[in-house]
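Me: I am new to reading protein models, and I would like to understand where the descriptive words come from. Could you take me through this one slowly?

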Amino acid sequence: MANVKFKVQPGGTIKGRVRVPGDKSISHRSIMLGALAEGTTTVTGFLEGDDALATLQAFREMGVKIEGPNDGNVTIHGVGLRGLKKPNKPLDMGNSGTSTRLLAGILAGQDFDCELIGDASLSKRPMKRVTDPLREMGAELETAEGGTLPMIIRGKGQALKAIDYTLPMASAQVKSCVLLAGLFADGQTCALEPAPTRDHTERMLNGFGYKVESTKIDAQQMKACLQGGGKLTARHIDVPSDISSAAFFMAAAAVSKDSDLVIEHVGMNPTRVGVVDILKLMGANITLENHHEVGGEPVADIHIQYAPLKGIEIPEELVALAIDEFPVLFVVASTAQGQTVLTGAEELRVKESDRIQVMADALVAVGIDALPTPDGMIINGGVQSVQSAEIQSHHDHRISMAMTIAGINAVSEIVIDDCANVNTSFPTFLSLINEVGMSVTAAEEA
């Protein structure tokens, strides 16, 4: 793959209206649940990024007829819970941890063997967190040494064992994996999480007519349960804009003087809005407008205007609700007056890169006082302008985009290396960020 470098020119005022692409989490699940449903599911607003396309291709290779995507429109001819076929080759998950972990749950209940593989970055990510509960349910799985991909799942063709699983860490992917495996289990499968995480799987299963009961155990703990052996019924899904993608635009407006930006039709799922809450705590001027609901998911327009920001201690209960947005929140924190402290976010160390270390290195490279800690970061902010530098993204799309936003306040050009991976989650990022007032170009090097 050619090395794509982003070249960011400083300055620009962030203004206008923008609609970012569809939610990645919902796009993945629309394909998975649509394939397992009975009947024809139609999807609008599907995110045509590499990750969601890896999910779509995997189900095609298991015999599901899928039309599109064509301008975000996809039609999935469901085969029912038992209708998947053995693929002719290993399923390549590319860079997508979501595809891998959720699909492992579905494949554990099939009657054929299947192998999951991925790119260099995905092949380093921990899979033991899903293989442990799946083995408890009676699944047979083999991984590489260290519990990483490639993963071979041996389908035994008999029902899995229902379990009551307590997640050792807050992870929507692990919870979803257990619940999806529970579709193929005898009895009731439950997942108990130590802190709330995104609940798209539960909402969408209910939307497909498959009952999931979610119960609040105490201030933090949530429990989701379902009975095995039911059926999913096809439906239409309108995918709202992805709040994780919108976060880069919120951040750009938060750190750009005189900004005034509206981001339209953004999914406001309560388990995903940590980024909005954190920005508001820092003093950002954000209002939510035009509230409505799309397919069981709340949606609103986000209106953000420039306001002076202050450093905060990020409340731990918001950490799981903003886990993907921290790279760009670190950039915002660097401009806020005073100190910002993040704790309880060790999960960031096992994303597409070690996002704590990689972001700390990138921020230090542009002259920001950022100290990585085992489970977070301490940033001494108040930086009005950052230094010019060449930044390493470590094949991580969110690092590439976060450091692009940092370039607004640079003294001269910032160059970010290895940005081809932005296509995994946000293929139109460059055109949209230029549309609202930044100046970023991409240069390909062989």
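The exchange below goes through some terms used for this predicted model and sets values against cut-offs.

Me: To begin with the whole chain, how do you know that the radius of gyration agrees with that of a compact globule?

Reply: The rule for a globule is 2.2 Å times the number of residues to the power 0.38. With 446 residues this comes to a value near 22 Å, and the protein has 21 Å, which is why the two are said to agree. Along the principal axes, the C-alpha trace spans about 60 × 50 × 45 Å, and the chain holds twelve helices and 25 strands. Of the 446 residues, 58% count as buried, and among contacts between residues at least 6 apart in sequence, 76% join residues at least 24 apart.

Me: Why are α1 and α2 called roughly parallel?

Reply: The word rests on the angle between the two helices, and angles under 35 degrees count as roughly parallel. Helix α1 and helix α2 (residues 50-61) pack at an angle of about 5 degrees, with their axes 9 Å apart, and they are therefore roughly parallel to each other. On the side of α1 the contact is made by K24, S27, H28, I31, M32 and A35, and on the side of α2 by D51, A52, T55, L56 and F59. Sorted by class, these are six nonpolar, three polar and two charged residues.

Me: What makes α3 and α5 roughly parallel to each other as well?

Reply: The cut-off is again 35 degrees, and helix α3 (residues 97-107) packs with helix α5 (residues 172-182) at an angle of about 25 degrees, with the axes 7 Å apart. That angle is under the cut-off, and so α3 and α5 are roughly parallel. The crossing in which α3 passes α5 is right-handed. From α3 the residues G97, T98, R101, L102, G105 and I106 take part, and they meet Q173, S176, C177, L180 and A181 of α5. The residues of this contact divide into five nonpolar, five polar and one charged.

Me: Why is L33 called buried?

Reply: Buried means under 20% relative accessible area. L33 has a relative accessible area of 2%, and therefore it is buried. L33 is found in helix α1 (residues 24-36), and, leaving aside neighbours within four places in sequence, L33 is in contact with L180, M204, L205, F208 and L232. One of these, L205, is 172 residues away along the chain, yet the C-alpha atoms of L33 and L205 are separated by 7.4 Å.

Me: E193 is a glutamate; is E193 buried or exposed, and how do you know?

Reply: E193 has a relative accessible area of 3%, and with the cut-off for buried at 20%, E193 is therefore buried. E193 has its place in strand β13 (residues 188-193). Outside the neighbours within four places in sequence, the contacts of E193 are L167, K175, Q220, Q221 and M222.

Me: What makes α9 mostly covered?

Reply: The description rests on a count, since ten of the ten residues of α9 are buried. What covers these buried residues includes α7, α8, β20 (339-342), α10 (355-365), β22 (376-380) and α11 (397-406). In helix α8 (residues 274-281), the residues G274, V275, V276, I278 and L279 are buried, and the buried residues of α8 pack against α7 (243-255), β18 (285-294) and α9 (326-335).

Me: Why are N290 and H395 called partly exposed?

Reply: Partly exposed is the range between buried, under 20%, and exposed, over 50%. N290 has a relative accessible area of 48%, and H395 has 46%, so each value falls within that range. N290 lies in strand β18, whereas H395 has its place in the loop between β23 (390-392) and α11.

Me: What is the phi of N290, and what is the phi of H395?

Reply: N290 has a positive phi of about 55 degrees although it is not a glycine, and H395, also not a glycine, has a positive phi of about 60 degrees. Most residues other than glycine have a negative phi, and most peptide bonds are trans. A cis peptide bond joins G68 and P69, with omega about 5 degrees, and another cis peptide bond joins L149 and P150, with omega about 0 degrees. P69 lies in strand β4 (residues 65-70), and P150 is found in strand β9 (residues 148-154).

Notes
Residues are numbered from 1 along each chain as its sequence is written. This is a predicted model: local features need pLDDT of at least 70, side-chain atom pairs count only at pLDDT 80 or more; totals for chains, interfaces and linings use all residues. Side-chain values use heavy atoms; hydrogens and water are left out. Axes are lines fitted to C-alpha atoms, for helices over the stretch in contact, and angles run from 0 to 180 degrees between N-to-C directions. Helices (H or I, at least four residues) and strands (E, at least two) are DSSP runs, numbered from the N terminus. Angles under 35 degrees count as roughly parallel, over 145 as roughly antiparallel, 65 to 115 as roughly perpendicular and the rest as oblique. A crossing is left-handed if the near helix is turned anticlockwise from the far one by less than a right angle, and right-handed if clockwise. Contact means heavy atoms within 4.5 Å. Ala, Val, Leu, Ile, Met, Phe, Trp, Tyr, Cys and Pro count as nonpolar, Asp, Glu, Lys and Arg as charged, and the others, Gly among them, as polar. Buried means under 20% relative accessible area, exposed over 50%, partly exposed in between (1.4 Å probe, protein chains only).
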